[in-house]
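Trainee: Let us go through this model by question and answer. Where should we begin?

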Amino acid sequence: MANGEWTALERLSILFYDGAGRVRVFTIDMDGGRALRVRLRLKLKASHIVAGLSGMGSILLWLILIFFNPYTDGTNLSPALNTFIMLFLPGCLALIAVFYSYRLLLLIAFGWSILPSLYLTGTPGIFAWFGVASLGYLFAYLLMKPRLRS
């Protein structure tokens, strides 16, 4: 906007949940005020939903493991740091993979977190869900289609 010029609104997008498990984008395109086109398109695919839920689940489980677990020793930082590196960071990596649609990051997150997740899967309680989160990274990787290079 040079010299105080105004530009017209060219596109308006609204995200909404359609109730059937999909997030959709309602987009209104305006062609110079003359034509108005409205389209509805699928924004998040199943792989994005699986990876996002797995990443958020892993992060939430780590927070419960470290801060709300009565059996965690609050004075020893070594287990907290080890589980942060092996369980929390792959969850963050999966969320980055969702935002950028980069499927290789999901495979890295799976390989990074599978061993401690398998160990915690053998424990009784909610921490067995770390295994489900780690498998979620793998399923999201398999569901996500590779990007074609142009």
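Trainee: What is the relative accessible area of Ser101?

Mentor: This is a predicted model, in which local features need pLDDT of at least 70 and side-chain atom pairs count only at pLDDT 80 or more, while totals for chains, interfaces and linings use all residues. Residues are numbered from 1 along each chain as its sequence is written, and side-chain values use heavy atoms, with hydrogens and water left out. Buried stands for under 20% relative accessible area and exposed for over 50%, with partly exposed in between, using a 1.4 Å probe and protein chains only. Ser101 is partly exposed because its relative accessible area is 28%.

Trainee: Where is Ser101, and what is its phi?

Mentor: Helices (H or I, at least four residues) and strands (E, at least two) are DSSP runs numbered from the N terminus. Ser101 sits in the loop between α2 and α3. Its phi is positive although the residue is not a glycine, and the value is near 50°.

Trainee: Which pattern does the chain follow along the sequence?

Mentor: The chain has four helices and three strands. Read along the sequence, their order is β-β-β-α-α-α-α.

Trainee: Is Phe99 buried or exposed?

Mentor: Phe99 belongs to helix α2, and its C-alpha lies 8.3 Å from that of His48, 51 residues away in sequence. Its relative accessibility is 69%, so Phe99 counts as exposed.

Trainee: Which two helices each supply at least two residues of the nonpolar patch?

Mentor: Patch residues have over 30% relative accessible area and no salt bridge; like charges are joined within 9 Å, and nonpolar side chains (Val, Leu, Ile, Met, Phe, Trp, Tyr) within 5 Å. A salt bridge here is a side-chain nitrogen of Lys or Arg within 4 Å of a carboxyl oxygen of Asp or Glu. Ile96, Phe99, Tyr100, Tyr102, Leu104, Leu107 and Ile108 make a nonpolar patch of about 720 Å², with areas from the Shrake-Rupley method with a 1.4 Å probe, only the protein chains shown counting as cover for residues. The helices that each supply at least two of its residues are α2 (78-100) and α3 (103-121).

Trainee: What is the relative accessibility of Tyr100?

Mentor: Tyr100 is another residue of helix α2. Tyr100 counts as exposed because its relative accessibility is 60%.

Trainee: At which residue of α3 does the kink lie?

Mentor: The bend at a residue is the angle between axes fitted to the seven residues ending there and the seven starting there. In α3 this gives a kink of about 50° shortly before the proline Pro116, at Ile114.

Trainee: Which helices are included in what covers the buried residues of α3?

Mentor: The buried residues of α3 are Leu105, Leu106, Ala109, Phe110, Ser113, Ile114, Pro116, Ser117 and Leu120. Contact, which means heavy atoms within 4.5 Å, is the criterion for cover. What covers these residues includes α1 (46-67), α2 and α4 (129-143).

Trainee: Which residues does Ser134 contact, leaving aside neighbours within four places in sequence?

Mentor: Ser134 is in helix α4, and it counts as buried because its relative accessible area is 0%. With neighbours within four places set aside, its contacts are Phe110, Ser113, Ile114 and Ser117.

Trainee: Which element gives the most to the largest nonpolar core?

Mentor: A nonpolar core is a set of buried Ala, Val, Leu, Ile, Met, Phe, Trp, Tyr and Cys residues joined through side-chain atoms within 4.5 Å. The largest has 14 residues, of which Ala51, Leu106 and Tyr137 touch the most other members. α2, α3 and α4 each supply at least two of its residues. With five residues, the element that gives the most to this core is α3.

Trainee: Which residues does Leu106 contact, leaving aside neighbours within four places in sequence?

Mentor: Leu106 is among the buried residues of α3. Beyond four places in sequence, it touches Ala51, Ala94, Ala97, Tyr137, Ala140, Tyr141 and Met144.

Trainee: Is Leu77 buried or exposed?

Mentor: Leu77 is in the loop between α1 and α2. With a relative accessibility of 63%, it therefore counts as exposed.
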